[in-house]
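User: I would like to go through this structure term by term. For each label, please set the value against its definition.

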Amino acid sequence: MQSAKRGDWVQVHNILLEAGKRAPQVPEDTQQVPLEMWVKGFLLDHSTEIGQEAQINTVTGRIVTGKLVEIMPTYPHNFGEPQPELLTLGIELRRLLKGESR
Amino acid sequence: MNKDNSYEAVMERKQEIVKRAVGIDYEQFNRGILGFDYEGMMSGVAYDIQEMIEIQRQTGVGNTPLLELRNLTALLRKGAKKGKGARIFVKDEAANPSGSFKARRAAISVYHAHKLGFPGVIAATSGNYGAAVASQAAMRGVQCIIVQELYDSRGLGQPEILEKGRACEAYGAEVVQLTVGPELFYYFLMLLEQTGYFNASLYTPFGIAGVETLGYELAKQTLKELGRTPDAVVVTHAGGGNVTGTARGLLKAGCKDTQVIGASVDLQGLHMASDRDFNKKSFTTGHTGFGLPFATWPDRADVPRNAARPLRYLDRYVTVSQGEVFFITEALATLEGLERGPAGNTSLAAAFAIAREMDEDQILVVQETEYTGAGKHPNAQLSFARKNGIEIKQGNPRESVPGKNIIIPTTPDQIQVQEVDLERVKRSYLKNAAHLLPNNEMEYTDCLFLAEDCRAKPEWVEQEMKLLGITIKRR
């Protein structure tokens, strides 16, 4: 099991509201799932394994306790895959602008 | 002493928490049963236009270029009748420090928080406003926490929002990320209470007045560069601040005849608080899921009185489909050399269709662009849509069904706007107001307030309210 040591940059997770205990105005599908929260910070405990409870110090200096879910968390988003529906659009529009047929 | 932090207990403390965290006594503006003195609040609390220009200048906000989109104008004229096809200009708001017009709102809020001595600022936002607040906080040397609604229950995050969270962290902010649900407000209140930070709400007079410089600036620029003010300005409409602030700025610059047109991406049919629907959309802002509820009842915001009152300013409100915005985003990049958006290009997609109806000597200004990046990009957003079971195809965008498909137009002429009946929106607004009136009565002051708030005659309001069973209380 991967473990983090004191001072590591980590992400913790918490359940804020359990399923079924959500605000009355939320739709049924949301009512059936919990309200979850993630936050990142520097680990305050000496050694913590993924899945264990951990205490962190956030960049604003808040102390937050939660389940350790990631060590050195990365950003998963990217530029996606090329989209066939858009790939030729630029070429076609330039042609159209020059008065050439498509 | 440990406070009771259950949902009910925190919501119960809402008023006192918010009052401390924005430093505004909203009650002093109350008039009648539900009305309030809007102009009194704006002039009494916010800064005037010259002060705001100076505050924004200090942190490099504003003074963005006004660019003529010559190739897009030429393209749209190919599909226009003879003598039609207005010139399109765009205010390149991506040139602001955090890459969007939201820097204007954040600049005023953060300046004010700093002036009052708050050690930090908090904002609840999944949009560009987060990065804007984080960037301004970095410049003013105050702490910043951004609370985002980002994930569904599978832990799948909207790419556009993931990028906005990354940007916040780049500017040194703490980012708290939540799953779908309006209870974000509950955690937001707890954070305000715990930290004693300022609520840099999008909807305070500071947050709204900050946008006035945008309308003011674009009016001055068109006047200086073209010798006249714009015939129409198209504004992407979500929470109402962009429309309200821009229109107020235009009025302050003397543009009484400029048409203010709101544009939203059509996401009708998708429930904004639904865990299932959350990742079925490709646009997380600038859409009808915010545009309509905030127009029909602005005071659903995180402050008691929302300073964004779009029905006061909208001359026209239109929608476009997701596919049309992706199309125009691609066109803007490949024909004009500007890689921007996509969400901020909602108004550009609408403008492209609206300019076709206007005369060729007329001027239409699209008042914003936003930065683009990983996640915030047509390819990223369409890849994500496909993974969530959305069909992507080329065709007629009129056949789009939000949450089912995204249709990229095959020709530029297929970009069309759909009109939203503003009178119907105003009736919904009055219906929402009626629900808040005890004993089915209102005072004449309320009638006047409602008339101002939906830019209608008091007689019309009185008549409509009567149909809803509300009468004016006679003394």
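What follows is a set of questions about labels and the values behind them.

Analyst: This is a predicted model, in which local features need pLDDT of at least 70, side-chain atom pairs count only at pLDDT 80 or more, and totals for chains, interfaces and linings use all residues. Residues are numbered from 1 along each chain as its sequence is written, while chains are lettered from A and ligands numbered from 1 in the order in which they are written.

User: What makes up chain A in terms of helices and strands?

Analyst: Chain A has three helices and six strands. Helices (H or I, at least four residues) and strands (E, at least two) are DSSP runs, numbered from the N terminus. Along the sequence of chain A the pattern is β-β-α-β-β-β-β-α-α.

User: How do you know whether chain A matches a compact globule in its radius of gyration?

Analyst: The radius of gyration is taken over C-alpha atoms, and the globule rule is 2.2 Å times the number of residues to the power 0.38. For 102 residues a compact globule would have a value near 13 Å, but chain A has 23 Å. Chain A therefore does not match the rule. Its C-alpha atoms fill a box of roughly 70 × 40 × 30 Å along the principal axes.

User: Why are S2(A) and S3(A) called paired?

Analyst: Two strands pair if DSSP finds at least two bridges between them. Strand S2 (residues 9–17) of chain A and S3(A) have eight bridges, in the antiparallel sense, so the definition is met. Here A:His13 stands opposite A:Trp38 in S3(A). S2(A) also pairs with strand S6 (residues 63–71) of chain A, antiparallel over four bridges, and A:Val10 stands opposite A:Ile71 in S6(A).

User: Which strand of chain B is joined to strand S3 of chain A?

Analyst: Strand S3 (residues 35–43) of chain A is joined to S7(B) by two bridges, and the two run antiparallel. The cut-off is at least two bridges, so this counts as a pair. A:Met37 has B:Leu178 in S7(B) as its bridge partner.

User: How many residues of each chain are in contact across the two chains?

Analyst: Contact is defined by C-beta atoms, placed from the backbone, that lie within 7 Å. By that rule 48 residues of chain B are in contact with 36 residues of chain A. The side of chain B that touches chain A has 23 nonpolar, 16 polar and nine charged residues. In this count Ala, Val, Leu, Ile, Met, Phe, Trp, Tyr, Cys and Pro are nonpolar, Asp, Glu, Lys and Arg are charged, and the others, Gly among them, are polar.

User: Why is H7(B) said to be largely enclosed?

Analyst: A residue is buried if 20 or more other C-beta atoms lie within 10 Å of its own, exposed if 12 or fewer, and partly exposed in between, with C-beta atoms placed from the backbone. Ten of the 13 residues of H7(B) are buried, so the rest of the structure largely encloses this helix. Among them are B:Tyr129, B:Val133 and B:Gln136. The cover includes helix H6 (102–115), strand S5 (120–124), S6 and H8 of chain B.

User: How do you know that the span of helix H7 of chain B is close to the expected one?

Analyst: The expected span is 1.5 Å times one less than the number of residues. With 13 residues, helix H7 (residues 128–140) of chain B is expected to span 18 Å, and 19 Å is found from its first C-alpha to its last.

User: What makes A:Met72 exposed, and what makes B:Asn63 partly exposed?

Analyst: A:Met72 has 10 other C-beta atoms within 10 Å, so it falls in the exposed class. B:Asn63 has 13, so it is partly exposed. A:Met72 has a positive phi of about 50° although it is not a glycine, and its place is in the loop between S6 and helix H2 (84–87) of chain A. B:Asn63 has a positive phi of about 55°, also without being a glycine, and lies in the loop between helix H4 (49–58) and S3 of chain B.

User: Why are S3 and S15 of chain B placed at the edges of their sheet?

Analyst: Seven strands of chain B form an open sheet in the order S3-S4-S12-S9-S10-S11-S15, with mixed pairing. Strand S3 (66–68) and strand S15 (418–419) each have a single partner strand, so one side of each is left without a neighbour in the sheet.
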